[in-house]
There are 2 protein chains.
Amino acid sequence: MEIIIDIEDTVPLFTQLMDQIKKAVLNDQVRPGDALPSIRQLASDLELNNKTVAKAYRLLERDSVIQTKGYRGTFIHPDARANSANDLNAWILARLDKTIGALRDSGVTDSEIRIAFGNVMNNRNY
Amino acid sequence: MEIIIDIEDTVPLFTQLMDQIKKAVLNDQVRPGDALPSIRQLASDLELNNKTVAKAYRLLERDSVIQTKGYRGTFIHPDARANSANDLNAWILARLDKTIGALRDSGVTDSEIRIAFGNVMNNRNY
DNA sequence: ATATGTACCCTGCGTACTAAGGGTACATAG
DNA sequence: CTATGTACCCTTAGTACGCAGGGTACATAT
């Protein structure tokens, strides 16, 4: 599995990393159970910050593409193939688009939507 | 109808203005058909910018609390009482809270929600 | 000429977020 | 002692938005 990070790309580094790991899974370049480099190792190889790699790993684990086993390292998830094909962001977008579209159709301004959104995100639900 | 604007208040000026006009409607201090001051006149009286008053009027008209009749001026809407009792922002908040709560419950991070939200608001639905 | 709502240009200030990095520390298990 | 993931602390740069104001202009109708 060869990973290439382009720091000039507008795509965030952690996203580039996630995308390439998922791509490697889909292309059978890595298979369930295979070990991945440690966070620190990969960060060193790619000249990235530990936190950037850790972020990508954390999200990939949430999406069940990889599995971290504490001090034993990180491995490809048994269901990695199926889960790598999921486009979570597209799903989020569709859900939000539906709600926001309904608000806009009701004459609510974008400004009002943004303010209400900010309140919800900060748990100030009033 | 007496309107008092507190520029020290954290509540936005146009919101204070909207609130007080709606309150005057609910208290029967103004009635459907009554004329309101012109935008420029009210801005001058309250020492506000024309655009601030215009913004409040625009939103109040959208909410059918007032009616603007072009060069003839602005008047209280026939259904002003009922429409002044509506809390649009609470309704927006409830709609968004439902969608966002579902996303959060699915493990989506706030960061991801915010980014997707930004894309939807900018009609970059991809 | 005057007054109406409305639309557009521009500014400034405050706020809040993402992305990314630097550093330190911890419990775990070998 | 070493390596694992993880959790904090901090900073920096870039971006985007709300609110408010200043100014100019327009078609409308009296």
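## Helix crossings and selected residues in a two-chain model

In chain A, four residues of helix α2, namely A:Ile39, A:Arg40, A:Leu42 and A:Ala43, are in contact with A:Asn50, A:Val53, A:Ala54 and A:Tyr57 of helix α3. The model in which these contacts are found is a predicted one. Helix α2 covers residues 39-46 of chain A and helix α3 covers residues 50-62, and their axes come within 8 Å and cross at roughly 120°. An angle counts as roughly perpendicular from 65 to 115 degrees and as roughly antiparallel over 145, and α2(A) and α3(A) are therefore oblique to each other. The crossing in which α2(A) passes α3(A) is right-handed.

The next pair of helices brings in the second chain. Helix α5 of chain A, residues 88-105, and helix α6 of chain B, residues 110-121, have axes that come within 9 Å and cross at roughly 55°. These two helices, α5(A) and α6(B), are therefore also described as oblique to each other. Their crossing is right-handed. On the α5(A) side, the residues that meet the other helix are A:Leu88, A:Ile92, A:Leu93, A:Leu96, A:Asp97, A:Ile100 and A:Arg104. On the α6(B) side, they are B:Glu112, B:Ile113, B:Ala116, B:Phe117, B:Asn119, B:Val120 and B:Met121.

How the two chains are placed can be described by one operation. Chain B is superposed on chain A, with an RMSD of 0.1 Å, by a rotation of 180° with 0.0 Å of shift along its axis. The two copies are thus related as by a two-fold rotation axis. In chain B, the C-alpha of B:Thr99 is the one nearest this axis, 3.6 Å from it. Both copies use the same surface, as 97% of the contact residues of chain B recur in chain A.

A single residue of chain A shows some of the contact in detail. A:Glu112 is part of helix α6 of chain A, residues 110-121. Its relative accessible area is 14%, and buried means under 20%, so A:Glu112 is buried. The side chain of A:Glu112 makes a polar contact of 2.5 Å with the side chain of B:Arg62. Apart from neighbours within four places in sequence, A:Glu112 is in contact with B:Leu59, B:Arg62, B:Leu88, B:Asn89 and B:Ile92.

Within chain B, a buried asparagine and a loop serine are linked. B:Asn83 is in helix α4, residues 80-85 of chain B, and with a relative accessible area of 18% it is buried. The side chain of B:Asn83 reaches the backbone oxygen of B:Ser64 at 2.8 Å. Leaving aside neighbours within four places in sequence, the contacts of B:Asn83 are B:Asp63, B:Ser64, B:Val65 and B:His77.

B:Ser64 itself is in the loop between α3 (50-62) and β2 (66-68) of chain B. It is partly exposed, at a relative accessible area of 25%. Its phi is positive, about 55°, although B:Ser64 is not a glycine. B:Asp28 is another residue other than glycine with a positive phi, here near 60°. B:Asp28 is found in the loop between α1 (13-26) and β1 (35-36) of chain B, and at 32% relative accessibility it counts as partly exposed.

Note on methods: Residues are numbered from 1 along each chain as its sequence is written. Chains are lettered from A and ligands numbered from 1 in the order in which they are written. This is a predicted model: local features need pLDDT of at least 70, side-chain atom pairs count only at pLDDT 80 or more; totals for chains, interfaces and linings use all residues. Side-chain values use heavy atoms; hydrogens and water are left out. Copies are superposed by least squares on the C-alpha atoms of residues with pLDDT of at least 70 in both. Contact means heavy atoms within 4.5 Å. Buried means under 20% relative accessible area, exposed over 50%, partly exposed in between (1.4 Å probe, protein chains only). A polar contact is a pair of N or O atoms within 3.5 Å; within protein, one must be able to donate a hydrogen and the other to accept it, and residues adjacent in sequence count only if both atoms are side-chain atoms. Axes are lines fitted to C-alpha atoms, for helices over the stretch in contact, and angles run from 0 to 180 degrees between N-to-C directions. Angles under 35 degrees count as roughly parallel, over 145 as roughly antiparallel, 65 to 115 as roughly perpendicular and the rest as oblique. A crossing is left-handed if the near helix is turned anticlockwise from the far one by less than a right angle, and right-handed if clockwise.
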